[in-house]
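Biologist: Got a minute to go through this model with me? I have a few quick questions.
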Amino acid sequence: MGKLRLQDLTRGGKIRIGLLALALILPFLPFVTDYVLHIAILVLLYMILSLGLNIVPGFNGLLDLGYVGFYGIGAYTSGLLTYHFGLSFWVIIPLAFINGAIWGILLGAPTLRLTGDYFAIVTFGFSELVVLLLTNEIWLTRGPLGLPGIDVVSIDLTLFGGPKWEFIGELPYYYLAIVMVLVTVFVMYRIQDSRLGRAWFAIRDDEVAAVSCGINLLAYKVIAFAISAAFGAVGGSFFARWVTFLSPDMFKFWESFLILCMIVLGGMGNIWGVMIGAVVLVSLSEVLREILPVLGLPVQVRFLAFGLIMVLMMRFRPAGIMPIPAVAAKMRAGRVKRKKVKPAVGIKK
Amino acid sequence: MLLELDNVKTYYGNIRALKGISIEVDKDEIVCLIGGNGAGKSTTLMTISGVLTPVEGDVLYKGQSIVSVRPDNIVRMGVCQVPEGRMIFPLLTVMENLDLGAYLRKDKDGINEDIDRVFGIFPVLRERRKQHGGTLSGGEQQMLAIARALMSRPNLLLLDEPSLGLAPILVDSIFETIRQINEQGTTILLVEQNAQLALQFSRRGYVIETGEIALSDTSAELLNNEEVKKAYLGE
């Protein structure tokens, strides 16, 4: 038993190293065009976003329908700071993180007293508010005209007499996104194994029992919401400097829904599962974008396809592609019970 | 007096669940609260632990009012509740459940000592320590719920229906354990539908009916009381 587990662990490690190596050499593979690389960056971006969102529904068991609001705040934080003050991306990242967290606290502190669906509705309202604000506060955001010509990311060493590299093309952004995903995953694992994570899991499992252990529900939920929002904002600030154009309709409710689907499909609460969910849905979305016009269908039909996938998943794999171990064990237990009936009949024969 | 409830009234919206409850619990006692469904037993415990806030009246712990204290701080003060229905953390392992019980404590050595202690009280939990809470049997979950509460080293343990849904043979051993925990220096306020058992194991008892205290006496007297016999003991 012990030996087997050790082997499993090394196999898991091998898979991880293999995947990382594959990701690192991906741009140099023969079939990889700029378009493929673009989608790969999109996948990485959505990994960051879904890992960030995962904290709230996956770790705390709270439904958050307004995540895109923080994504939008992060994107515009980055866009405006670049546009007006020409700040460097490396300065903006921590600022966006902090700004996201502040908005997370501002929204979370008064509303996290609400339970279940009521909280979900408030978050939904929040994301709609953000879009309205971005659309209507023209003096700040230029409204529906959008924010064009945001500087690309650059590494500027001229201050120290060095050269200045501008990120042109998809390749540097691809590696930047990989680094950001690695950092996010590292932080998520650290949180998951910390006291903070333990308290969140307690809240997810049972709030009254969590209170009986002396856990301050509101405080821990607000922390969760703030960290989640901060990662959403970081994702947004990357997005702004990558596409170099922002407009309010990029941050509509559908984005929240899509990111939530990634988490649910991948396996709520499971860091690897959530990343798999992002890979599956982003690539599927792009494939459908190519296929649907060929079939004479509008591109929007892909949302119908997502709905279908969610229905199929609920029927055949309700806990997601890769659920957290405890849930996986529960599902296995259920399956074993059903199987046990058959041999009993066989013996009778 | 360790705990004193003075004319406590708790409402759920317009529904008056507690209409003025006064209870006293002395140090090192086992006190039980018996009554039918919906009499207000659990509401009383929830009010003490701070999950519910009373509209009127006062809850004094060690002579200090705790009605406006946050529930997590009440745990910090040494009052720990085992909620009704074996509310353990089903997706966390037995060990993780116990660690969470000691969430407010920083003394690693003391925590390990107490884990050994609760494993001594409930040996089956040691065997199951890597299992997820949700995969335990009903009796084991109840043991885990009590063990988790003990991990906070409470002065006052609030037990809500520890016999609920357990096999009769397990009920006796759970109550034996409750007595043992009490003898090791934890005061216990016990809420039970199984009046017979609760009165056997406690020193004093309160009978609660529709949000009010109907009777209070030593448990021995209550066991012989004609009204209690008729209404709760089925004699």
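Biologist: What radius of gyration does chain B have, and what would a compact globule with 235 residues have?
Modeller: Chain B has 17 Å, which agrees with the value near 18 Å for a compact globule of 235 residues. The radius is taken over C-alpha atoms, and the globule rule is 2.2 Å times the number of residues to the power 0.38. This is a predicted model: local features need pLDDT of at least 70, side-chain atom pairs count only at pLDDT 80 or more, and totals for chains, interfaces and linings use all residues. Residues are numbered from 1 along each chain as its sequence is written, and side-chain values use heavy atoms, with hydrogens and water left out.

Biologist: How much of chain B counts as buried?
Modeller: 52% of its 235 residues, where buried means under 20% relative accessible area (1.4 Å probe, protein chains only).

Biologist: Switching to the interface, how much area do chain A and chain B bury between them?
Modeller: About 2,100 Å², with 66% of it on carbon and sulfur atoms. That is the accessible area (1.4 Å probe) that the two parts lose on being put together, summed over both.

Biologist: Which three residues of chain A supply the most of its share?
Modeller: Arg195(A), Arg198(A) and Cys213(A), with 28% of the area that chain A buries against chain B.

Biologist: How many salt bridges cross over?
Modeller: The rule finds 1, and the side chains that meet in it are Arg198(A) and Asp99(B), at 3.5 Å, N to O. The rule asks for a side-chain nitrogen of Lys or Arg within 4 Å of a carboxyl oxygen of Asp or Glu.

Definitions and conventions. Chains are lettered from A and ligands numbered from 1 in the order in which they are written. Buried means under 20% relative accessible area, exposed over 50%, partly exposed in between (1.4 Å probe, protein chains only).
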